[in-house]
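Colleague: I'd like to learn how to read a few features in a structure like this one. Could we go through them together?

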Amino acid sequence: MKKVYIKTYGCQMNFYDSRKIKALLVKNGYEIVGCPEKSDIIVVNTCSVRKHAEDRALSFLSSYKHIKKKGGILCLLGCIASLYKEDIYKKYDFINVVCTPDNYNKLPEVLKIYDSERICITGESKNPFISENLIIDSDVSSFVTITKGCENFCSYCVVPFTRGKLMSKKPEGIYSEVEYLVEKGVGEIILLGQNVNEYGKDTGDNFSDLLEKIHNIKGLVRLGFLTSHPKDIHNALIVLFRDLPKLYRYLHLPLQSGSDRILKLMNRKYTFAQYIEIIDKVRKVAPDITITSDIIVGFPSETEDDFNDTVKAIKNIEFDDLFVFKYSQRPLTSASLMEDDVPNGEKERRHRIILGIQEEIAIKRNKRFTGRTDDVFVLKQADKKNGYFLGRSSSNKMVLFKSIYSKPGTLENITLTSADRRYIYGCSSC
Ligand code: 5AD
Ligand code: SF4
């Protein structure tokens with residue numbers, strides 16, 4: 001039985017794909033191992049959303065060149081494979097297999113090759129979704145990808161080139177995957193898509209309907225979704241934050257910039273005023289909602305004034321949390337035709353300033369929950385010695401609570417007593 005080690009970089013979707021690949025390989029007689037040194041095959045699932053992510057994945061693969069001397073196989077999957085295809089295969093001749101996400105179903109056959117053989121699979125596929133499932137006994141939470149690809153072409157983003165056109169899974173397939181997971185003891189499902197609320201645009205299906213139907217699956221405890229685009233947030237979706245009790249009061253809604261000039265150059269298809277309008281609506285319907293966002297600093301031509309618009313936006317909106325990225329020029333994107341003219345030191349300064357501002361806001365946003373009780377979804381025991389469990393509040397905040405015994409995968413009513421940057425603290429019987 002060949003032993004496979006899988007290393008994953010990048011977004012939740014890559015982690016979901018890796019779990020599916022594991023399931024597929026196990027079904028086909030491979031053994032998954034947790035240590036690269038003990039494997040016959042090393043598979044690296046890569047990300048290319050920023051240059052840094054690419055460099056890390058390629059350097060990891062290079063550092064295992066030596067396993068080839070013992071007949072080992074090195075395999076590169078994911079977005080780097082999609083973006084560079086044959087070029088990466090030609091450039092790194094120590095890599096045996098290059099395989100794009102649409103072709104993962106072919107992996108069990110492909111990995112039968114011998115040490116010196118090489119193969120590059122990058123063509124289109126009629127069967128891009130893996131249907132096999134793998135459940136690890138203790139899992140109480142799972143991602144479920146419902147769309148792949150994106151056709152929004154934000155000017156900085158490589159995803160439309162690596163993941164292709166929007167492709168929505170059939171609702172029936174999604175229900176049966178969720179039902180299977182719930183039956184195996186998973187209580188929390190997080191639906192995934194590059195632009196998840198665009199679900200069904202290609203098939204005539206509807207995201208809000210899908211959410212309602214999944215919500216009604218018996219045994220499901222909590223439901224969430226990632227990542228939403230502001231242009232596709234409609235009233236039918238907003239009201240679900242009020243009407244579906246199992247749905248996390250949580251919205252990840254990338255703003256990217258507070259400057260209308262930069263938003264236009266980014267091809268984001270909304271103005272700051274339109275973004276604020278959505279936030280106001282959502283908060284009116286669901287006052288306890290957690291809203292997080294992504295920001296890019298140092299986009300080409302971003303001036304101090306543009307940056308200050310972003311700072312003002314962040315102070316004004318008060319996000320619960322932020323992911324802040326320094327602009328990284330990516331091949332094939334339309335922004336790659338613009339000069340990457342904000343010096344790295346300046347990108348770093350802007351990055352630091354925003355993180356500093358957000359630190360205070362995040363603490364304040366966590367503290368607003370103290371003094372209340374909430375039904376917390378229990379994830380796992382965090383600290384056995386001191387009797388702490390980790391869970392997620394109904395607004396998707398991490399809760400660390402004291403309890404003698406709590407059952408992962410269920411809800412528990414917790415009194416929330418204090419908060420800091422990372423956690424809300426509480427106890428089950430105080
Ligand atoms: N440079 C920096 N950040 C980027 N992101 C996407 N592409 C780039 C890029 N070229 C960020 C965006 C997106 C998040 C997943 O990654 O903020 O929302
Ligand atoms: Fe990239 Fe924009 Fe699509 Fe998000 S919506 S994946 S940022 S192109």
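Modeller: Sure. Let's begin with exposure: at 40% relative accessibility, F153 counts as partly exposed, because that label covers values between 20% and 50%. Keep in mind that this is a predicted model.

Colleague: Where does F153 lie, and what is its phi?

Modeller: F153 lies in the loop between β8 and α5 (159-162). Its phi is positive, about 50 degrees, although F153 is not a glycine.

Colleague: Which residue other than glycine has a positive phi near 60 degrees?

Modeller: That one is N267, with phi near 60 degrees. N267 is found in the loop between α10 (260-265) and α11. At 32% relative accessibility, N267 counts as partly exposed.

Colleague: Backbone oddities, then. What kind of peptide bond joins L226 and T227?

Modeller: You read that from omega: the bond between L226 and T227 is cis, with omega about -10 degrees. As for its place, T227 sits in the loop between β11 (222-226) and α8 (235-238).

Colleague: Now burial. Is T147 buried or exposed?

Modeller: The cut-off for buried is under 20% relative accessible area. T147 comes out at 0%, so T147 counts as buried. T147 lies in strand β8 (residues 147-148). Not counting residues up to four places away in sequence, T147 touches M13, L166, M167, S168, L192, G193, Q194 and Y199.

Colleague: And why does S18 count as buried?

Modeller: Because its relative accessibility is 2%. S18 lies in helix α1 (residues 12-27). Leaving aside neighbours within four places in sequence, S18 is in contact with I6, T8 and N45. If you want a distance across the chain, S18 and I233 are 215 residues apart in sequence, and their C-alpha atoms are separated by 29 Å.

Colleague: What about a buried residue with a charge? Which side chain of opposite charge is nearest to D139?

Modeller: For a salt bridge you'd look for a side-chain nitrogen of Lys or Arg within 4 Å of a carboxyl oxygen of Asp or Glu. D139 is buried yet has no salt bridge, and the nearest side chain of opposite charge is R19, 5.0 Å away. D139 is found in the loop between β6 (119-121) and β7 (141-145). Beyond its neighbours within four places in sequence, D139 is in contact with G185 and V186.

Colleague: On to helices. How do α11 and α12 cross?

Modeller: Look at the axes: those of α11 and α12 come within 12 Å and cross at roughly 10 degrees. That makes α11 roughly parallel to α12, because angles under 35 degrees count that way. On the α11 side, the contact is made by F272, Y275, I276, I279 and R283, and on the α12 side by A313, N316 and I317.

Colleague: Last one: how many residues does helix α13 have, and what reach is expected?

Modeller: Compare the end-to-end reach with 1.5 Å a residue. Helix α13 (residues 344-367) has 24 residues and reaches 35 Å from its first C-alpha to its last, close to the 34 Å expected.

Colleague: Which residues of α13 are buried, and what covers them?

Modeller: The buried ones are K347, R350, H351, I354, I357, Q358, I361, A362, R365 and N366. Their cover includes helices α11 (272-285) and α12 (304-317), along with strands β13 (290-297), β14 (321-326), β18 (411-419) and β19 (424-427).

Conventions: Residues are numbered from 1 along each chain as its sequence is written. Chains are lettered from A and ligands numbered from 1 in the order in which they are written. This is a predicted model: local features need pLDDT of at least 70, side-chain atom pairs count only at pLDDT 80 or more; totals for chains, interfaces and linings use all residues. Side-chain values use heavy atoms; hydrogens and water are left out. Helices (H or I, at least four residues) and strands (E, at least two) are DSSP runs, numbered from the N terminus. The expected span of a helix is 1.5 Å times one less than its number of residues. Buried means under 20% relative accessible area, exposed over 50%, partly exposed in between (1.4 Å probe, protein chains only). Contact means heavy atoms within 4.5 Å. Lys and Arg count as positive and Asp and Glu as negative; His and the chain ends are not counted. Axes are lines fitted to C-alpha atoms, for helices over the stretch in contact, and angles run from 0 to 180 degrees between N-to-C directions. Angles under 35 degrees count as roughly parallel, over 145 as roughly antiparallel, 65 to 115 as roughly perpendicular and the rest as oblique.
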